[in-house]
Amino acid sequence: MIIGGGDDTIINHVKFTTTHKLKRTVAHESYDDLEDSIIFDKSDTDGLSFPHYDALVITLRITDTDVKRIMVDDRSGACIVHPRVLMQMRLENKIILHCITLTGFNNAVERTSGEIVLHVLAGGVTFKTIFYVMNQKTAYNAIIG
């Protein structure tokens, strides 16, 4: 955990910059305090032998279930979940049938089969998140955008 008061912190030649711009909900109350973000820029890769572009894959608590293999993609404008995850969570009856078109990173056009609102616990904060249900072959259970 990195705790900062708004100043830049440098650890092992990596600069961590805190920003204060998010409004979130904590335990059903409006929470206006500041949220910290870690931001990297190209200068942070100076001195690295092998900079990489691997996906950030995490485990999150979604509606009282730990869901593994979730890819974080900050360039994505949508959160996507695979229907097999919802079936295992026994939430398939909560899916709202709503079809939209999404364009993938390779410009492929895909259609969703529905959407569902799920509570996601991240960093001690619970977020109400809309996930689009998409039945495509993928190595990930969900994508957080």
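Reply: Before anything else, strands are DSSP runs of E with at least two residues, helices are runs of H or I with at least four, and both are numbered from the N terminus. Keep in mind too that this is a predicted model.

Me: Okay, so let's use that on a loop. Where does Asp 73 lie?

Reply: Asp 73 is in the loop between E6 and strand E7, which covers 79-81. Setting aside neighbours within four places in sequence, Asp 73 is in contact with Ile 143, Ile 144 and Gly 145. The C-alpha atoms of Asp 73 and Ile 143 are 6.8 Å apart, although the two positions lie 70 residues apart along the chain.

Me: Which strand does E6 run parallel to?

Reply: That's E12, residues 142-144, joined to E6 (residues 65-72) by three bridges. To find the pairing in the model, look at Val 72, which stands opposite Ile 144 in E12.

Me: And how do I read the sheet as a whole? In what order do the six strands close into a barrel?

Reply: Go round E5-E6-E12-E7-E11-E10, and expect mixed pairing. From one strand to the next, the twist averages 45 degrees.

Me: How many bridges pair E5 with E6?

Reply: Six, and strand E5 (residues 56-62) pairs with E6 in the antiparallel sense. One of the pairs to look at is Ile 58, whose bridge partner in E6 is Ile 70. The two strands make a hairpin with two residues between them, and Thr 63 in that turn has a positive phi of about 45 degrees. On its E10 side, E5 is again antiparallel, over two bridges. There, Ile 62 has Val 120 of E10 as its bridge partner.

Me: Now side chains. How many salt bridges does the structure hold?

Reply: Just one. Asp 66 pairs with Arg 61, and their closest N and O atoms are 3.2 Å apart. Arg 61 has a relative accessible area of 34%, so it counts as partly exposed.

Me: What about cysteines? How many disulfides does the count come to?

Reply: The general idea is that a disulfide is a covalent bond between the sulfur atoms of two cysteines. Here the count comes to zero. As for surroundings, Cys 79 has a relative accessible area of 11%, so it is buried. Cys 99, at 39% relative accessibility, counts as partly exposed.

Me: Let's try a residue I can judge myself. Is Thr 112 buried or exposed?

Reply: The cut-off you need is that buried means under 20% relative accessible area. Thr 112 comes in at 2%, so it is buried. You'll find Thr 112 in the loop between strand E9 (109-111) and strand E10 (114-122). Beyond four places in sequence, Thr 112 touches His 98, Cys 99, Ile 100, Leu 102, Tyr 132, Val 133 and Met 134. A polar atom of the Thr 112 side chain lies 3.4 Å from the backbone oxygen of His 98.

Me: Ile 100 was in that list. Where does Ile 100 lie?

Reply: In the loop between helix H1 (83-88) and strand E8 (101-103). At 21% relative accessibility, Ile 100 counts as partly exposed, because the buried class stops under 20%. Leaving out residues up to four places away in sequence, Ile 100 touches Glu 110, Arg 111, Thr 112 and Tyr 132. The C-alpha atom of Ile 100 is also 7.7 Å from that of Ser 113, 13 residues apart along the chain.

Key: Residues numbered from 1 in each chain as written. Predicted model: local features only at pLDDT ≥ 70, side-chain atom pairs only at ≥ 80, totals over all residues. Heavy atoms only, no water. Pairing = 2+ DSSP bridges. Axes fitted to C-alpha atoms, helices over the stretch in contact; angles between N-to-C directions. Buried < 20%, exposed > 50% of the residue type's maximum accessible area, 1.4 Å probe, protein only. Contact = heavy atoms within 4.5 Å. Salt bridge = Lys/Arg side-chain N within 4 Å of Asp/Glu carboxyl O. Polar contact = N/O pair within 3.5 Å; in protein donor to acceptor, adjacent residues only side chain to side chain. Disulfide = S-S within 2.5 Å.
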